[in-house]
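User: Please take a close look at one helix in this protein and explain how it sits in the structure.

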Amino acid sequence: MDWFVLSGVLLVLIIPVLDIKDALVVHARRGERQAYRPLETPLSLRPALEDVAEGLRSVYPFPIFYVADLDAIGSQTGDCSAALRLTRLTPAPGVWLDAGFSGSESLARTHALPGVAPVVGSESLTDAAFLTHFSAYPGAILSLDFRGEAFCGPEDVLARSDLWPSRVIVMTLARVGSETGPDFARLAEIKARAGARQVVAAGGVRDATDLRKLAEMGISAALVATSIHNGTLTREVIAGMMEGSDTVAQHR
C-alpha cells in the first residue's frame with residue numbers, strides 16, 4: 001500500500017519526478033514543454049538521468065521515481081529505455097514510466113518489466129476503449145491530465161471512472177514547477193469518484209503543509225520535483241511524511 005495511518009500518523013508517499021527531453025533531465029514548468037531546459041540543481045553536476053536520480057537519493061532513499069519521457073510521449077512510442085537505465089542503479093528503484101502508451105503492445109511490454117509500472121496519460125489516448133486494457137495489466141497506472149480547466153484526452157476517459165485502474169494520477173500541468181500549490185479542489189473531486197482507488201497528486205506541491213493536507217484528504221502519493229531540488233523538502237520533512245515518527249514505512 002502507498003498510504004496508510006501508522007500509529008496515528010498520516011503518511012504520504014513522495015515520488016520524485018524526472019522529466020526527460022532530448023535525453024536529458026529538464027526543468028518542467030507549467031506544462032510548456034517547448035520551453036523546458038536542462039535541469040540545473042545543486043543535487044547533480046549534470047542533467048544526466050542517472051546523476052540526477054542519485055542526487056535525489058542523496059536527500060532521501062526514495063523507493064520509486066516517476067519518469068516522463070517527453071520525447072516518447074510526443075511520438076507515442078512507449079519507449080522504456082529510460083526506465084531500464086534507472087533500474088540498473090543500486091539499489092534498484094521502482095519506476096513509474098509515462099512514455100506515450102497508446103497501444104496494448106507497448107503497454108504489455110513495459111508491464112512485464114520487473115520494477116516498472118507503465119503510466120498511461122489521458123493526453124495520449126484517442127478514445128475510452130483503451131481503459132479496458134487495465135484489467136489485464138493491474139500494475140498499470142492512469143494519469144488524468146489537465147491543462148488549465150480543460151481535460152487532456154477523450155472526455156469518456158474522465159467520465160468512465162468504473163474503468164479506472166487501482167492507481168490514478170491527477171496531473172495538473174499548469175501547476176507543474178510553479179510552486180503555486182496542488183489543485184486541492186480537483187483532487188477532492190477525483191478522490192470522491194475514485195472509490196477505493198489510490199489517488200496521486202501531481203503538480204504544485206510546495207512544502208510539508210501541502211503534503212499534510214494531501215494526506216488528510218486521503219491522497220496516496222505526491223509527485224514532486226522543484227521543492228526537493230530547492231531544499232524546501234528536507235530529508236527530515238520527507239522522512240516524517242514517508243516513515244512517521246519512529247517506524248519505517250514499507251512501500252510496494
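Analyst: A definition comes first: a residue counts as buried when its relative accessible area is under 20%. The model is predicted. The helix chosen here is α7, residues 208-217.

Which residues of α7 are buried? They are Ala208, Asp210, Leu211, Leu214 and Ala215. These residues cover an arc of only 155 degrees around the axis, which puts them on the same side of α7.

Next come the two ends of the helix. At the start of α7, aspartate 207 has a side-chain oxygen that lies within 3.2 Å of the backbone nitrogen of threonine 209. After α7 comes glycine 218, and the phi of this glycine is positive, near 90 degrees.

For the setting, the protein chain contains 9 helices and 13 strands. Of its 252 residues, 54% count as buried. Among contacts between residues at least 6 apart in sequence, 65% join residues at least 24 apart. The protein chain exposes about 10600 Å², and carbon and sulfur atoms supply 53% of that area.

A strand can be set beside the helix. In β7, residues 94-98, 5 of the 5 residues are buried, so the strand is largely enclosed by the rest of the structure. Gly94, Trp96 and Asp98 point one way from β7, while Val95 and Leu97 point the other way. In a regular strand, side chains alternate between the two faces of the sheet. To return to α7, its buried residues are on the same side of the helix, whereas the buried residues of β7 point both ways from the strand.

Notes
Residues are numbered from 1 along each chain as its sequence is written. This is a predicted model: local features need pLDDT of at least 70, side-chain atom pairs count only at pLDDT 80 or more; totals for chains, interfaces and linings use all residues. Side-chain values use heavy atoms; hydrogens and water are left out. Helices (H or I, at least four residues) and strands (E, at least two) are DSSP runs, numbered from the N terminus. Buried means under 20% relative accessible area, exposed over 50%, partly exposed in between (1.4 Å probe, protein chains only). Contact means heavy atoms within 4.5 Å. Accessible areas come from the Shrake-Rupley method with a 1.4 Å probe; for residues, only the protein chains shown count as cover. The arc is that of the directions from the helix axis to the C-beta atoms. A polar contact is a pair of N or O atoms within 3.5 Å; within protein, one must be able to donate a hydrogen and the other to accept it, and residues adjacent in sequence count only if both atoms are side-chain atoms.
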